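Dear colleague,

Please find below the sequence and structure that I am handing over to you. My notes on the findings follow directly after.

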Amino acid sequence: MPPYTLPQFVADLRGIAAGEPPVRDILVRVKPLAQRLAASADLRARLSGACDPQQGFGFQVLHEEPDHTLAVAALSWLPGRGTPPHDHGTWGIVVGVEGDEINAFWQRVDDGRTPGHAELRKLSEKTFRPGEAIALTPDIIHSVHNPSDRVSVSLHVYGKNINFTGRSRFDVEQRTVTPWIVTQS
Ligand SMILES: [Fe+2]
């Protein structure tokens, strides 16, 4: 197979997303291409590996369209760190590049009628290894954790940059839901 590059992936993404097909069709078509990009030398050459100690991970934007759609990013996770449960407000594909990443999936169990209040129940947990992919629908709630003693890296592809979707983070103990903007580079 010929080498695959970020510009080729972006061109493929534009073709797939054109005409706004159903999210499930986008996820099915983007997943194998994101896996191919994650394994490519071109992607590895672009990785900064930089982490933000305050939030526990680095968010390196590799591409987005001028309207913030079709966002491609590399996330570098510090050892023992991760995210609170959150949604994305857009579709997403995550592929492991280096190291393991534990993903927990959550279900919202309150009725959503009280502003700022949310109750979550953990549904399942799975360890994703390099090359493995997760498809995320816009309303799925997950949390991420790097269980290892070294930085892990994953490739993230989103329908829209998640700082522009109005997505949320959840605090399981405090039973709260708040907007979530992450630091990006
Ligand atoms: Fe996420």
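**Strand pairing and cores**

Val95 has Ala133, in E6, as its bridge partner. The model is a predicted one, in which local features need pLDDT of at least 70, side-chain atom pairs count only at pLDDT 80 or more, and totals for chains, interfaces and linings use all residues. Residue numbers start from 1 along each chain as its sequence is written. Strands (E, at least two residues) and helices (H or I, at least four) are DSSP runs, numbered from the N terminus.

E3 and E6 run antiparallel and are joined by four bridges; two strands pair if DSSP finds at least two bridges between them. Side chains alternate along E6: Ile134 and Leu136 point to one face and are buried, whereas Ala133 and Ala135 point to the other and are not. A residue is buried if 20 or more other C-beta atoms lie within 10 Å of its own, exposed if 12 or fewer, and partly exposed in between, with C-beta atoms placed from the backbone.

The largest nonpolar core (buried Ala, Val, Leu, Ile, Met, Phe, Trp, Tyr and Cys residues joined through C-beta atoms within 7 Å) has 31 residues, of which Ala34, Ala38, Leu75, Ile93, Val95, Leu155 and Val157 touch the most other members. E2 gives the most to this core, with seven residues. Val157 touches Val30, Ala34, Val72, Gly92 and Ile93, leaving aside residues up to four places away in sequence; contact here requires C-beta atoms, placed from the backbone, within 7 Å. A second, separate core of six residues includes Trp106, Ala118, Leu120 and Ile141.

Trp106 also stands opposite Ile141 in E7. Strand E4 (residues 101-108) and E7 run antiparallel, joined by five bridges. They belong to an open sheet of three strands in the order E5-E4-E7, with antiparallel pairing. Strand E5 (120-128) and strand E7 (141-145) are its edge strands, each pairing on one side only.

Turning to the helices, H1 (residues 6-17) and H2 (residues 23-38) pack at an angle of about 175°, with their axes 10 Å apart. Axes are lines fitted to C-alpha atoms over the stretch in contact, and angles run from 0 to 180 degrees between N-to-C directions. H1 and H2 are therefore roughly antiparallel to each other, a term used for angles over 145 degrees. In H1, Leu6, Phe9, Asp12, Leu13, Ile16 and Ala17 meet Ile26, Arg29, Val30, Leu33 and Leu37 in H2.

With kind regards

Note on methods: Parallel < 35°, antiparallel > 145°, perpendicular 65-115°, else oblique. Contact = placed C-beta atoms within 7 Å.
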